[in-house]
Amino acid sequence: MLYLLTNLSDGGDFFNLFRYLTFRSGGAFFTALVIGFAFGRPLIDELRRRQKKGQPIREDGPERHLIEKAGTPTMGGVLILVALLISTLMWARLDSGWVWMVLIVTFGYGAVGFADDFAKVSAGNVAGISGKMRLAIGFTLAAIAGVWAMYLHTPDLSGQLAFPVFKNVLLNLSFVFVPFAMIVIVGAANAVNLTDGLDGLAIMPVMIAAASFGVISYFVGRTDFTEYLDVHYVEGTGEITVFCAAVIGAGLGFLWYNAPPAAVFMGDTGSLALGGALGAIAVATKHEIVLAIIGGLFVVEALSVIIQVAVYRQTGKRVFLMAPIHHHFEKKGWAESTIVIRFWIIALILALIGLATLKLR
């Protein structure tokens, strides 16, 4: 919205700053951060008032959760989404189809998560809405995003799968690209959702991934950088950098209240929305495979659940003491803060490896 101020510029004054992605990305970051700090406490107080018993805790989870986390309100993802929406609408170019695609996926998944959290809190159990309904809506939103991306991509990239390192290779998926995009977006949403099990565990890796994709969006949206890095130029995706900066600001504002011991949980409202956003950005920038590297922590968390369930159904035995894998380490006696910080370190290392693929070939 503020980009419209460039119409008042003669090319050398203050209003000219709004032409620059870096300036508007910084503005989006600080706007989201201020909103998070300013409205975090009032939102938490309101959630506590409405949620008498807080988020329902799994009875089959780690025993200490029943004591330490009982009564903590959930749906704190609302704070992230409000800060994200306001800052993105303020600072991004609203004529960008990519911005709207990512926003619709983010808030579509956020609405699904909100409905799930509301059902859990209302019923006082961990059931929520049915898994089939969640997946049906999630795949529908992802299908819309996949078709939208094919429309926005230039003809030479539409329906193509790009590869890191082997940068001259493009695999023509044609219309199979849509179901592929659906798997990427739904998988990312649910992987982040599974990671959100300890105070601060999910939000920092999300911010690290958002920062990484902010860099990628900026680079692949500029012909000079794509020529230097020998990656595919994806017209218009640079504007997603503003959204990524807003995610980081909103995430930091939320982490202020989610740091151990958490005053609020993001719930499915936040985790599904943020995971869906990362998946949509990866599809937009043609870096779906790189998402699996940058978001490797989320991949491991999801795989630990898949392996646990598959092996248990076949043999009746468990590979992990408990899944997702962060609970396995809890069962082994690791302190929560130790698990969280070590997982943050792993997420950072994987993000740096993912970013390194921009130059490798």
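**Briefing: helices, loops and backbone features**

M75 is found in the loop between helix 2 and helix 3. The model described here is a predicted one. M75 has a positive phi of about 70 degrees, although M75 is not a glycine, and this residue is buried, with a relative accessible area of 6%. The points below take up that loop, two helices, the unusual backbone geometry and a surface patch.

**The loop between helix 2 and helix 3**

- T72 also lies in the loop that runs between helix 2 (65-68) and helix 3 (77-91).
- The relative accessible area of T72 is 7%, below the 20% cut-off, so T72 counts as buried.
- Apart from its neighbours within four places in sequence, T72 is in contact with G54 and Q55, and also with A262, A263, V264 and F265.

**Helix 10**

- Helix 10 has 19 residues, and at 1.5 Å a residue it should span 27 Å; its end C-alpha atoms are 28 Å apart, which agrees.
- Of the 19 residues of helix 10, 19 are buried, so the helix is largely enclosed by the rest of the structure.
- L274 is found in helix 10 and is buried, with a relative accessible area of 2%.
- Leaving aside neighbours within four places in sequence, the contacts of L274 are I80, I203, V206, V247 and M266.
- L274 and L81 are separated by 193 residues in sequence, yet their C-alpha atoms are 8.9 Å apart in space.
- K286, just after helix 10, takes a positive phi of about 65 degrees.

**Helix 14**

- Helix 14 (residues 336-356) has 21 residues, for which 1.5 Å a residue gives an expected span of 30 Å; the end C-alpha atoms are 30 Å apart, in agreement with this.
- The buried residues of helix 14 are E336, I339, V340, F343, A347, A351 and G354.
- Viewed down the axis of helix 14, these buried residues fall within an arc of 105 degrees, so they line one face of the helix.
- The cover over the buried residues of helix 14 includes helix 7 (203-220), helix 11 (288-294), helix 12 (296-315) and helix 13 (325-331).

**Cis peptide bonds and positive phi**

- Most peptide bonds are trans, and most residues other than glycine have a negative phi.
- The peptide bond from P260 to P261 is cis, with omega near -10 degrees; P261 lies in the loop between helix 9 (240-258) and helix 10 (267-285).
- A second cis peptide bond, from A323 to P324, has omega near 0 degrees, and P324 is placed in the loop between helix 12 and helix 13.
- V165 is not a glycine, yet V165 has a positive phi of about 70 degrees.
- V165 is found in the loop between strand 1 (160-162) and strand 2 (170-172), where its relative accessible area of 30% makes this residue partly exposed.
- M75, by contrast, has a positive phi of about 70 degrees at a buried position.

**A nonpolar surface patch**

- M1, L4, L94, W100 and I104 make a nonpolar surface patch of about 460 Å².
- W100, one of the residues of this patch, lies in helix 4 (residues 97-123).
- The relative accessibility of W100 is 33%, so W100 counts as partly exposed.

Methods: Residues are numbered from 1 along each chain as its sequence is written. This is a predicted model: local features need pLDDT of at least 70, side-chain atom pairs count only at pLDDT 80 or more; totals for chains, interfaces and linings use all residues. Side-chain values use heavy atoms; hydrogens and water are left out. Helices (H or I, at least four residues) and strands (E, at least two) are DSSP runs, numbered from the N terminus. The expected span of a helix is 1.5 Å times one less than its number of residues. Buried means under 20% relative accessible area, exposed over 50%, partly exposed in between (1.4 Å probe, protein chains only). The arc is that of the directions from the helix axis to the C-beta atoms. Contact means heavy atoms within 4.5 Å. Patches are made of residues with over 30% relative accessible area and no salt bridge: like charges are joined within 9 Å, nonpolar side chains (Val, Leu, Ile, Met, Phe, Trp, Tyr) within 5 Å. Accessible areas come from the Shrake-Rupley method with a 1.4 Å probe; for residues, only the protein chains shown count as cover. A salt bridge is a side-chain nitrogen of Lys or Arg within 4 Å of a carboxyl oxygen of Asp or Glu.
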